[in-house]
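The following paragraphs lead the reader through a single protein model, from its terms to its sheet, its helices and its charged pairs. Please keep the sequence and the structure in view while reading.

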Amino acid sequence: MSAVRFIVVMGVSGCGKSTVAALLAGRLGWEFIEGDALHPAANVEKMRLGVPLDDTDRAPWLQKVARTIQDWRAADKTGIIACSALRRRYRETIVSGADDVRFIYLRGKSPLIAERLAARQGHYMPVSLLESQFATLEEPDPDEPVITIDTGAPAGELVTEVLGTLHLAA
């Protein structure tokens, strides 16, 4: 595998993806994009209404995530995206055959994440969709470029763990 140039912080909604990804990008001085910002308006509206997305809904969004990484690569940049990437085929779409992308899977238990979602303000994702997120989630396989981290610790500790595991200096 080549050196890590791109990181996708993944997991179900409410696991801490955005917080960890933004802190990680800040510590490394890398580009950061919140994957939710890449969703088409129709997807956001479906989620706001409590309707789970299906693969057809997710396809153009995942292509935008993959294109973002491809654009960064072409511009010789490094970057981090917060993106659920719940299924293996979604992760394969994002990687697009490259070996410079790593996923950080923030694994957490439903009660903790439901509590976080309930406390979150200003986000369109309702707690009612958490069950569908867990139903869609395919835990990463050992052959995938994924590092799994328990999301129970404070975000700063998670970032330190990611940096150490990937041997990246902030």
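A residue is called buried when its relative accessible area is under 20%, exposed when it is over 50%, and partly exposed in between, as computed with a 1.4 Å probe on protein chains only. The model is predicted, and local features need pLDDT of at least 70, side-chain atom pairs count only at pLDDT 80 or more, while totals for chains, interfaces and linings use all residues. Residues are numbered from 1 along each chain as its sequence is written, and side-chain values use heavy atoms, with hydrogens and water left out. Helices (H or I, at least four residues) and strands (E, at least two) are DSSP runs, numbered from the N terminus.

The sheet offers a starting point. Its 5 strands form an open sheet in the order β2-β3-β1-β4-β5, with parallel pairing; two strands pair if DSSP finds at least two bridges between them. The edges are held by β2 (31-34) and β5, each of which has a single partner strand, so one side of each is left without a neighbour in the sheet. From one strand to the next, the twist averages 20°, where angles run from 0 to 180 degrees between N-to-C directions and axes are lines fitted to C-alpha atoms, for helices over the stretch in contact. The parallel strands β4 and β5 are joined by 5 bridges. F103 stands opposite V146, a residue of β5.

Helices pack on this sheet. Helix α1 (residues 17-28) touches β1, β2, β3 and β4, and its direction makes about 170° with that of β3; contact here means heavy atoms within 4.5 Å. Helix α4 also packs on the sheet, where α4 touches β1, β4 and β5, and its direction makes about 150° with that of β4.

Two helices also meet one another. The axes of α3 and α4 lie 8 Å apart, and the helices pack at an angle of about 35°. Their crossing is right-handed, a term used if the near helix is turned clockwise from the far one by less than a right angle, whereas an anticlockwise turn is left-handed. On the α3 side the contact is made by D55, R58, L62, Q63, V65, A66 and I69, and on the α4 side by R89, Y90, T93 and I94. By class, this contact of α3 with α4 has 6 nonpolar, 2 polar and 3 charged residues. In this classification Ala, Val, Leu, Ile, Met, Phe, Trp, Tyr, Cys and Pro count as nonpolar, Asp, Glu, Lys and Arg as charged, and the others, Gly among them, as polar.

The charged side chains come next. A salt bridge is a side-chain nitrogen of Lys or Arg within 4 Å of a carboxyl oxygen of Asp or Glu, and a search of the whole structure finds 14 salt bridges. In one of them, the side chains of R5 and D76 meet at 3.5 Å, N to O. This pair links distant parts of the chain, 71 residues apart: R5 lies in the segment before β1 (6-10), and D76 in the loop between α3 (55-74) and β3 (79-82). D76 counts as exposed because its relative accessibility is 65%.

In another salt bridge, the closest N and O atoms of D100 and R73 are 2.7 Å apart. D100 belongs to the loop between α4 (88-95) and β4 (101-107) and R73 to helix α3, so the pair ties together parts that are 27 residues apart in sequence. D100 is buried, at 5% relative accessibility, whereas R73 is partly exposed, with a relative accessible area of 26%.

R88 and E144 form a further salt bridge, with their closest N and O atoms 3.8 Å apart. Here too distant parts of the chain are linked, 56 residues apart: R88 is in helix α4, and E144 is in the loop between α6 (130-136) and β5 (146-150). R88 is partly exposed at 22% relative accessibility, while E144 is buried at 8%. Both residues belong to a network of salt bridges that links R88, R91, E92, D141, D143 and E144.

The backbone closes the tour. Most residues other than glycine have a negative phi. D76, although not a glycine, has a positive phi of about 55°. A85 is likewise not a glycine and has a positive phi of about 45°. Is A85, in the loop between β3 and α4, buried or exposed? At 0% relative accessibility, A85 counts as buried.
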